[in-house]
Number of protein chains: 2
Amino acid sequence: MTPSANLLIASDHAGLPLKEALRKRAPELGITFTDLGPASLASVDYPDYANLLCEKLIASKPGPTTLGILICGSGIGVSIAANRHPEIRAVLAESEEVAKLGREHNHANVLCLGARIVNEELALKIVKSFLAARPDPDQRHLRRIEKLSHRK
Amino acid sequence: MTPSANLLIASDHAGLPLKEALRKRAPELGITFTDLGPASLASVDYPDYANLLCEKLIASKPGPTTLGILICGSGIGVSIAANRHPEIRAVLAESEEVAKLGREHNHANVLCLGARIVNEELALKIVKSFLAARPDPDQRHLRRIEKLSHRK
C-alpha cells in the first residue's frame, strides 16, 4: 500500500470498539479509513455491514480504495458474508502470518478481525502485516483465484 | 455430534499431511471421516476440492453427514471457496475459541484449517472444540444466518 492509501472499514456493534481503536491509530498505519458504520453500539446484523462494505469496494474498482477491513465479535460472521461476493476474497486472521498469506497467495482484498479474539495491539500488527504483504503473481495462485470468481 | 457421526474431509496437497493425521486420530474424536481426496501430494487447486466437499455436504442434507473439514496450507483458500456456496458457513480457525464460536453463533457447517498454521495437536483440539459446540438457536443468530443464505 502507498502511504496515502484509503481503506474502507465497517463492523457490527461488537466490532465497533476495535474499529474505533484502529481508526485512531490510522496515522501509525500510514493510511486513512472511510468508516461505513455503524456509529453506535446499538445491536445490528453483521451481514448488513459486510455487504455494504463489499458493494462499495466492488464499485470502487479500479480506484484508490481497493482494500477493506471488517470487524465483528469473532470475525467469522463478516468473513462468511464477505466471501458470498465472488469479487471479494476475505481472510479471517488471528495472526500476522495468516493475514500475510491471505494477501500473498489468495490476493485477499478484505481483512476480517474478531474484536473478542484479538486485542488492539495484535489487531494493529495483523493490519500492518496485511498492508505490507504483496500479492504473489505466480500463475498457480492466479489460476486458483480465477476458480474463486464464479457464483455458486 | 453423536459418537457415530461421519464427517466429510478434503484438502489440497499442502493440507494432505494434516488430513492424514486427523484421519488416523478419528477414533480419539469419536467420529469417522469420508475422505474426498486428494490421495497424493501432487499439486492440485484448493477450489476444486473445496467445491467437491461443499456439493456433497449440500446434497447430503438432511442426513447423517452434515459437517465437513477442509484443509489447505493456510486454510484461507478453502474458506473463501467454501463460503461462495450460500448453503455453507465455513469458519477458518486458528484457535479452539474461534471454532466454538463459529459453531455456536454462525452455525458453521465447515471447519477450515491451515496445515502450515496449526500443528497436529492444536488441530485436534480445534476439531474437538468444533464438534463439542452446539448451535445457539437464539433468534438474533438465526436472523443473521438467514441473511447469509442469499446469492450475491
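Student: Which residues does Leu111(A) touch, beyond those up to four places away in sequence?

Tutor: They are Ile69(A), Val91(A), Ala93(A), Ala99(A), Val127(A) and Phe130(A). The cut-off for a touch is C-beta atoms within 7 Å. Keep in mind that this is a predicted model.

Student: What makes Leu111(A) stand out in the largest nonpolar core?

Tutor: Leu111(A) and Leu111(B) have the most contacts inside that core. The core has 87 residues. To belong, a residue must be buried and of a nonpolar kind such as Leu or Val, joined through C-beta atoms within 7 Å.

Student: Why is Thr65(B) called partly exposed?

Tutor: Count its neighbours. Thr65(B) has 16 C-beta neighbours inside 10 Å. Buried needs 20 or more, and exposed means 12 or fewer. The count of 16 falls in between, so Thr65(B) is partly exposed.

Student: Where is Thr65(B), and what is it in contact with?

Tutor: Thr65(B) sits in the loop between α3 and β3 (68-72) of chain B. Leaving aside neighbours within four places in sequence, its contacts are Asn6(B), Leu7(B), Leu8(B), Thr34(B), Leu57(B) and Ser60(B). Take Thr34(B): 31 residues separate it from Thr65(B) in sequence, and 9.2 Å in space, C-alpha to C-alpha.

Student: Why is chain A called as compact as a globular protein of its length?

Tutor: First, its parts. Chain A has seven helices and five strands. Now compare two values. Its radius of gyration is 14 Å, and the globule rule gives 15 Å for 152 residues. The two are close, so chain A is as compact as a globular protein of that length. Buried residues make up 47% of chain A.

Student: How do you know that the two copies are related as by a two-fold rotation axis?

Tutor: Lay chain B on chain A. The turn is 180°, the shift along the axis is 0.0 Å and the RMSD is 0.0 Å. The copies are thus related as by a two-fold rotation axis. The contact fits this picture: 100% of the contact residues of chain B recur in chain A, with the same surface serving both copies. Arg84(B) comes closest to the axis among the residues of chain B, at 2.4 Å (C-alpha).

Student: How many residues does each chain give to the contact?

Tutor: Chain B gives 33 residues, and chain A gives 33 residues. On chain B, the elements that give two or more include α3 (46-59), α5 (96-106) and α7 (139-147). By class, the side of chain B has 13 nonpolar, ten polar and ten charged residues.

Student: What confidence does the predictor give the complex?

Tutor: The complex has an ipTM of 0.96 and a pTM of 0.96. Chain A averages a pLDDT of 95.

Definitions and conventions: Residues numbered from 1 in each chain as written. Chains lettered and ligands numbered in written order. Predicted model: local features only at pLDDT ≥ 70, side-chain atom pairs only at ≥ 80, totals over all residues. Contact = placed C-beta atoms within 7 Å. Helix = DSSP H or I, 4+ residues; strand = E, 2+ residues; numbered from the N terminus. Nonpolar A, V, L, I, M, F, W, Y, C, P; charged D, E, K, R; others polar. pLDDT = per-residue confidence, 0-100. Least-squares fit on C-alpha atoms with pLDDT ≥ 70 in both. Rg over C-alpha atoms; globule rule 2.2 N^0.38 Å.
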